[in-house]
Amino acid sequence: MTNSPLPDLDTTSHRRGAGWELWRGLSGRAARLFAGLHQTWRRSLQVRVVTITLVVSSLLVGGFAFLIADKITSILLDNAKTDVQLRLTNGAEYAAKQFSLYGQPQEAQLQETIDGTVNYLAGGDPQQNSGVVVALTADSYPGVIEPRTSPSVNVRPLISPELRAAVTDGNVANQIVTGRLTSDDDTKYLVYGTPVPTQFGQVELYYFVPLTVQDVTSGQARATVIGTGVALVLLLGVLAALVTRLVVLPVRVAARTAQRLSAGLLDQRMAVNGEDDLALLAASFNQMATNLQRQILRLEEMSRLQRRFTSDVSHELRTPLTTVRMAADLIFAERDEFDPAVARSAELLQAELDRFEELLTDLLEISRFDAGFAVLDSEPTDLVPVVHRVVDRLSGLAERVGVTIELDVPSAPVIAEIDPRRVERVLRNLVGNAVEHGEGRPVRITLGMDETAVALTVRDHGVGLKPGEEKLVFNRFWRADPSRARQTGGTGLGLSISLEDARLHGGWLEAWGAPGQGAQFRLTLPARAGDRLTTSPLRLVPADATLPFGGAPAGSLLAIGPAPAGGLTVVRTGSGTSGTTPPVPEQRAEVGS
């Protein structure tokens, strides 16, 4: 037994791998090229107009050129057929007269007469040097009458059986064939055949006319038509590009000017040239920009005056409020000596003064945010004590309304670079709202962290948020239920200030809620000041949220904070998703109070 050599599997695998890599590289280049062309097609109006013009004009000009070339070819062929038919008719009459003297095909002089007739018909051709071949055959008398051609060539291959049968049956027939007769190259011939009646029977006369001149003329005509068509298509493309440029260029200028205006450069204007429609567009655009600039400046001035008014009023109210506070404290301290009605009035006065002081403090804080004077004092802080301080401070309110506050915080310290005063204020606002709207059910506070961020969630099981309210919950002075009696006497600015505190940290403040399922707020802050957030350690949608019809958790959610990768602000509405928030999971748009 002999061992047959086995193929080198490593070499085969290497070749297959190399071929696959080559195919992947080519397909990748093709995909990138197609993507680039598709992007150019979508972005450039001029490219689309010029391309459509070239395609449509190419189809029209191509069809027109085909019709013209076909018509020229038909005319040349008809002229050639007419000329050959005339010569064929005259040649048949001449041959019939020459053969009328012979009654039998065996006569000695008949073959000489056939030779002379063929030579005469070929020599009498005015284009005798053009390659015309004349042939005379007698298929009815094989071996008796020898076929003759002038010049002497073999014409049998160029006479098809169908043509021979038609002429033998007494019909005039023609065909176009390609072959070699008088030259070494294949030539297209127009072959005409006709019967020649004699006393002893019938012979066949054939004319072989080369169509070289007609082919050359037709080719030149086609080339001329195609060249003219290509030039016309290119001219139309250039004209389309020029005309489109006249329209697209002002539009591009308007787009760039609009982008500069949206970026805050309100003095940008378009150049107005001429008095046509484009000039009218530029003038109208400039007028619109001027009106917008005037209106924006007016609104900015009004906003500045409003902020200044709020700040001034807040400061000016401090002095009389201090005096009123001193008097109210004195009255409140002596309330036990008054009758019950006056004592109750003193208590109400004290409570409203406390609320008034909180409102002034919040208004001053809002004015600092609006003026851009808010400063973040970041320092490494353990968030666990912050959470406990907030719970201890609100424990009295929770006991009064019958709400239990549950904590889920790590035993180890949770360190982050934050402003503890602002974070404690945010958490105090969130927990206070949860207790206020908790309907006597437990409120759960959860603290979590990972390598890049820390997060706090506040979950209540109260009335929740109706569809659309998640877009309003951070607005200033907004209340979900205006008729609802408040326990804490809040100012309506707590969540607005919390939103600004979260933004100042570069964090997210997000809300989820559903009718009858309560609400959950999540505060996510970067572990290191200045870092950009991409994920949150805690989920926004609570795990106990009901899934409608087996789908995503019910309710709406709103996320507000700096975008992970774009510098905008989060806005997410719709059904929530379970699990940890994925990196850059949603588009973000600015939502402000």
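1. pLDDT is the predictor's confidence in each residue, on a scale from 0 to 100. This is a predicted model, where local features need pLDDT of at least 70 and side-chain atom pairs count only at 80 or more, while totals for chains, interfaces and linings use all residues. Residues are numbered from 1 along each chain as its sequence is written, and side-chain values use heavy atoms, with hydrogens and water left out.

2. On confidence, the protein chain has a mean pLDDT of 77, with 82% of its residues at 70 or more. Watch residues 549-593: pLDDT is below 50 there.

3. Now the inside. The largest nonpolar core (buried Ala, Val, Leu, Ile, Met, Phe, Trp, Tyr and Cys residues joined through side-chain atoms within 4.5 Å; buried means under 20% relative accessible area, 1.4 Å probe, protein chains only) has 38 residues. Val431, Val435, Phe474 and Phe521 have the most contacts inside this core. Helix α8 gives the most to it, 8 residues (helices are DSSP runs of H or I, at least four residues).

4. Apart from that core lies another, of 27 residues, including Tyr102 and Leu190.

5. Which aromatic pair is tilted? Tyr206 and Phe208, at 6.4 Å centre to centre and 35 degrees between the planes. Ring centres of Phe, Tyr and Trp (its six-membered ring) must lie within 6.5 Å to pair; under 30 degrees is stacked, over 60 edge-to-face, the rest tilted. Tyr206 and Phe208 are both buried.

6. Finally, the charged end of Arg335 sits over the Phe332 ring, 3.9 Å from its centre (the test: NZ of Lys or CZ of Arg within 6 Å of the ring centre and within 35 degrees of the ring normal).

Key. Buried < 20%, exposed > 50% of the residue type's maximum accessible area, 1.4 Å probe, protein only. Helix = DSSP H or I, 4+ residues; strand = E, 2+ residues; numbered from the N terminus. Contact = heavy atoms within 4.5 Å.
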